[in-house]
Amino acid sequence: MTRDIEIFNLIEQELHRQEHGLELIASENFVSKQVMEAMGSVLTNKYAEGLPGKRYYGGCEVVDVVENLAIERLKKMFGAAWANVQPHSGAQANAAVMLGVLNPGDKILGFDLSHGGHLTHGSPVNFSGKLYKPSFYGVEPDSGLIDWDKVEATAKKEMPKLIICGASAYSRDWDYVRLRKIADEVGALLLADISHPAGLIVGKLLNDPIPHCHIVTSTTHKTLRGPRGGIIMMGKDFENPWGLKTPKGEPKMMSAILDGAVFPGTQGGPLEHVIASKAVAFGEALTVEYKEYTHQVKRNAHAMADAFVSLGYKIISGGTDNHLMLIDLRNKNISGKAAENALIKAHITINKNMVPFDDKSPFVTSGIRVGTAAITSRFMKEADMGNIVTLIDKVLMNADNDSLLAEVSKEVNQLMEGFPLYK
Ligand SMILES: *Cc1c(COP(=O)(O)O)cnc(C)c1O
């Protein structure tokens, strides 16, 4: 077969973009070569519907070992009793959990998308808002923090079947102990979606949801630094609360319900090449080097937040406990959209983001979200953060000056030469 030059040239172009740019999108990271190698392997050729040892296809001896290794490494990382590594993405993991524990029309309670929540936590444009009846909690206008008393009041008023905690743009930690108390009081199950901070939880830098939440979902490609994908875990397996029985008449365990909700509930054949890649990433995450990486991610985020504040930028909640921060640009007279566009011209990638109580549309927005997971994988340190924030400020204060933006892009390219990727 002739080589597909068209596509491989584009992949080269994308590598060049990644190598020379400053990557501050909070949900992105750079995986290791071996994580990529596993993804590009012959395992993509294999059908393996079902679970290790219980497949609907022959020839699964090898992928069974691969998938079991992924599961065991993941359980060890989080101290979980049960895990499913098959969800194709974070959204698929959440879809499977909701299919497993809810009936259409059931009530759910999640963190407001416009305050930093995720589409799959009840947004009207998402399955979670179309199939279930969502209500939301948010942050306080002054503090930018979640008021747990208000979450409790909303839960008692709405009586949801499922309470979801976790976010895509919240820079503070979660009180899982309090949330579990609230869930128990209203008879709800508690789901923590740790897609963003998962790596920092592995690094023991944030509260641990595993002992307190009934179910935990995550992506594997954000701070966890694995391939694009999802996972579901439980700290402890438990009998389903609805009295469902197995064919043998025994109580059906939640693990069986969640496994069934992934396949056949919401997915077909698992991506064993991606599962192998997840296993490689989990192996990496169990090392001392990865732990040190997560500490550096947090230190860098701290340093970056301090640098922004010293230049008069308004960070929602005033700072960060994790790897990201949400910046309200209204006092700087530039929209999130204009900021994103100007920064891209300077080869700095961030994303525009709604801020709590935003008066602009989701296509314009008043804010930007930045994170340190990716630049820390390139070994940038606290001392580099001030430099980066100075560059960002220069761009935002001169967003219409194309020649200045071109100059900054050269500075960025030069800076990144010092932090090689895949060399
Ligand atoms: C990123 C994210 C997801 C979705 O992950 P995908 O892999 O893009 O589907 C789900 N929940 C939260 C909180 C996220 O931040």
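What follows is a short chat about a predicted model of a protein with a bound ligand.

Reader: How many helices and strands does the protein have?

Author: There are 15 helices and 15 strands. Keep in mind that the model is predicted.

Reader: What does the C-alpha trace span along its principal axes?

Author: About 70 × 60 × 35 Å.

Reader: And what radius of gyration would a compact globule have with 423 residues?

Author: Near 22 Å. The protein has 22 Å, so its value agrees with that of a compact globule.

Reader: Switching to the ligand. How many residues surround it, and which are the closest?

Author: The ligand has 13 residues around it. The closest are Gly90, Ala91, Ser168, Asp193 and Lys222.

Reader: Of what class are the residues in that shell: nonpolar, polar or charged?

Author: The shell holds 9 polar residues, 2 nonpolar ones and 2 charged ones.

Reader: Which helix gives the most to the shell?

Author: Helix 4, which covers residues 90-101, gives the most, with 3 residues.

Reader: Back to Gly90. Which of its atoms lies 2.9 Å from an oxygen atom of the ligand?

Author: A backbone N or O atom of Gly90 is at that distance. For Ser168, a polar side-chain atom lies 2.8 Å from a ligand oxygen. Lys222 also uses its side chain: an N or O atom there is 2.8 Å from an oxygen atom of the ligand.

Reader: How much of the ligand's accessible area does the protein cover?

Author: On its own the ligand has 390 Å² of accessible area, and the protein covers 85% of that.

Reader: What about the space the ligand takes: which pocket is that?

Author: The ligand takes up the space of the largest pocket.

Reader: New topic: the backbone. Which residues are joined by a cis peptide bond?

Author: Phe263 and Pro264 are, with omega at about 5°. Most peptide bonds are trans.

Reader: Where is Pro264 placed?

Author: Pro264 is in helix 9, residues 254-266.

Reader: And Ser317: is its phi positive or negative?

Author: The phi of Ser317 is positive, near 75°. Ser317 is a residue other than glycine. Most residues of that kind have a negative phi.

Reader: Where does Ser317 sit?

Author: Ser317 is in the loop between strand 11 (314-315) and strand 12 (324-328).

Notes
Residues are numbered from 1 along each chain as its sequence is written. This is a predicted model: local features need pLDDT of at least 70, side-chain atom pairs count only at pLDDT 80 or more; totals for chains, interfaces and linings use all residues. Side-chain values use heavy atoms; hydrogens and water are left out. A residue is near a molecule or strand if one of its heavy atoms lies within 4 Å of it. A polar contact is a pair of N or O atoms within 3.5 Å; within protein, one must be able to donate a hydrogen and the other to accept it, and residues adjacent in sequence count only if both atoms are side-chain atoms. Accessible areas come from the Shrake-Rupley method with a 1.4 Å probe; for residues, only the protein chains shown count as cover. On a 1 Å grid over the protein atoms alone, a cavity is a set of points where a 1.4 Å probe fits but cannot get out, and a pocket is an open set with protein on both sides within 12 Å along at least five of seven lines; lining residues have an atom within 4 Å of a point. A molecule sits in a cavity or pocket if more than half of its atoms lie within 2 Å of its grid points. Helices (H or I, at least four residues) and strands (E, at least two) are DSSP runs, numbered from the N terminus. Ala, Val, Leu, Ile, Met, Phe, Trp, Tyr, Cys and Pro count as nonpolar, Asp, Glu, Lys and Arg as charged, and the others, Gly among them, as polar. The radius of gyration is taken over C-alpha atoms; the globule rule is 2.2 Å times the number of residues to the power 0.38.
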